[in-house]
Amino acid sequence: MSTMGSERARDTVRRLQHDITVGRWPVNAKIPPEAELAAEFGVGRSTIREAVRSLAHLGMLEPLPGRGTFVRSHSPVSGLLAEFAAQHSVADLLDVRRALEVQAAAAAAQNPTEEGLAALRAAHEADVAGLGSAERGKSPGEFHALLVELSDNRLLIELYASVMSALRASMRKGALASEQDAPTRQSQHAALLAAITAKNSAAAASIAAVHADQDLALAPASRPGRV
Ligand SMILES: [Zn+2]
């Protein structure tokens, strides 16, 4: 019975991993609730929960308490990178994130696809309309993930996902916070979107640098030399 049980558990991980790898859900999308997947796969909810945990270890899924489970990567590679990234300080992670954001914005502006631009615009407009990412079944940071996707550079996309997974872990611990108010964030996103639409790489890169410096910061308690 226990052999059958573990066989079923491994099979569930394989099936779920396959669904993610073939792109059943886009990166940043929410996967169906546990009960729904359990019914679909013909297994118990605890088996689904275990499978989600395994794939979270591989960096493919991220369960966010109270919000659902999100696809973070279509391949398990970034899980290894994420583990490596997580061994570094938050300050180093923020520096690398900034470099990746700047390069992604410049690359995105070189030759943006129509679909990629439309998705980026839709995420921005939803944000301006006050529709939170959770209500739309999207993960937090959707605008940035879409922008990085637009760079069309697989390595950059994987590195970014890894660095962000380590940074999100710091955010959950309270070491990192977003200090930008919504109007500032939205006006910087609008400027980025405009620069990319106009295929102005230099402008996109410089706006991305300013934005990266402002949109995430070490939480006051974590800053050296401050009380
Ligand atoms: Zn932003």
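At what angle do H5 and H9 pack, and how far apart are their axes? The legends below take that up in this predicted model, along with a few other close-ups.

**View 1. Helices H5 and H9, packed side by side.** The angle is about 40°, and the axes sit 7 Å apart. That puts the pair outside the under-35-degree range for roughly parallel helices, so H5 and H9 are oblique to each other. On the H5 side, look for Ala105, Ala108 and Ala109; H9 answers with Leu192, Ala195 and Ile196. By class, this contact comes out as six nonpolar residues, with no polar and no charged ones.

**View 2. Helices H5 and H8, crossing left-handed.** Here the axes come within 10 Å and cross at roughly 145°. H5 brings Val90, Leu93, Val96, Arg97, Leu100, Gln103 and Ala104 to the contact. From H8 come Leu156, Leu159, Tyr160, Val163, Ala166, Leu167 and Ser170. Sort the residues of this contact and you get 11 nonpolar, two polar and one charged. If the spacing of the contact residues catches your eye, remember that an α-helix has 3.6 residues a turn, so residues three or four places apart point the same way.

**View 3. Helix H7, mostly covered.** H7 runs over residues 142–150, and nine of its nine residues are buried. Going along the helix, the buried residues are Glu142, Phe143, His144, Ala145, Leu146, Leu147, Val148, Glu149 and Leu150. What do they pack against? Their partners are four helices: H5 (90–110), H6 (114–128), H8 (154–173) and H9 (182–197). H5, H8 and H9 are familiar from the views above, so only H6 is a new face here.**View 4. Ala145 of H7 and its contacts far along the chain.** Ala145 is found in helix H7. Is Ala145 buried or exposed? Ala145 has 25 other C-beta atoms within 10 Å, and 20 or more is the cut-off for buried, so Ala145 is buried. Leave aside the neighbours within four places in sequence, and Ala145 is in contact with Val27 and Asn28. Asn28 is 117 residues away from Ala145 along the chain, yet the two C-alpha atoms are separated by 7.6 Å.

**View 5. Asn28, a loop residue with a positive phi.** Asn28 lies in the loop between helix H1 (2–21) and helix H2 (34–41). Its phi is about 85°, a positive value although Asn28 is not a glycine. This loop residue is buried too, with 24 other C-beta atoms within 10 Å. One of its contacts is Ala145, as in the previous view.

**View 6. Asp152, just after H7.** Asp152 sits in the loop between H7 and H8. Its phi is near 60°, again positive in a residue other than glycine. How many C-beta neighbours does Asp152 have inside 10 Å? There are 16, so Asp152 counts as partly exposed.

**View 7. The hairpin of E1 and E2.** Strand E1 (residues 61–64) pairs with strand E2 (residues 68–71) in the antiparallel sense, over four bridges. Pro63 stands opposite Thr69 in E2, and Leu64 stands opposite Gly68. Three residues lie between the strands, and in this hairpin Gly66 takes a positive phi near 80°.

**View 8. Zooming back out to the protein.** There are 10 helices and four strands. Reading along the sequence, the pattern is α-α-α-β-β-α-α-α-α-α-β-α-α-β. Of the 227 residues, 36% count as buried. Among contacts between residues at least 6 apart in sequence, 70% join residues at least 24 apart; the contact of Ala145 with Asn28 joins residues 117 apart.

Definitions and conventions:
Residues are numbered from 1 along each chain as its sequence is written. This is a predicted model: local features need pLDDT of at least 70, side-chain atom pairs count only at pLDDT 80 or more; totals for chains, interfaces and linings use all residues. A residue is buried if 20 or more other C-beta atoms lie within 10 Å of its own, exposed if 12 or fewer, and partly exposed in between; C-beta atoms are placed from the backbone. Helices (H or I, at least four residues) and strands (E, at least two) are DSSP runs, numbered from the N terminus. Two residues are in contact if their C-beta atoms, placed from the backbone, lie within 7 Å. Axes are lines fitted to C-alpha atoms, for helices over the stretch in contact, and angles run from 0 to 180 degrees between N-to-C directions. Angles under 35 degrees count as roughly parallel, over 145 as roughly antiparallel, 65 to 115 as roughly perpendicular and the rest as oblique. Ala, Val, Leu, Ile, Met, Phe, Trp, Tyr, Cys and Pro count as nonpolar, Asp, Glu, Lys and Arg as charged, and the others, Gly among them, as polar. Two strands pair if DSSP finds at least two bridges between them. A crossing is left-handed if the near helix is turned anticlockwise from the far one by less than a right angle, and right-handed if clockwise.
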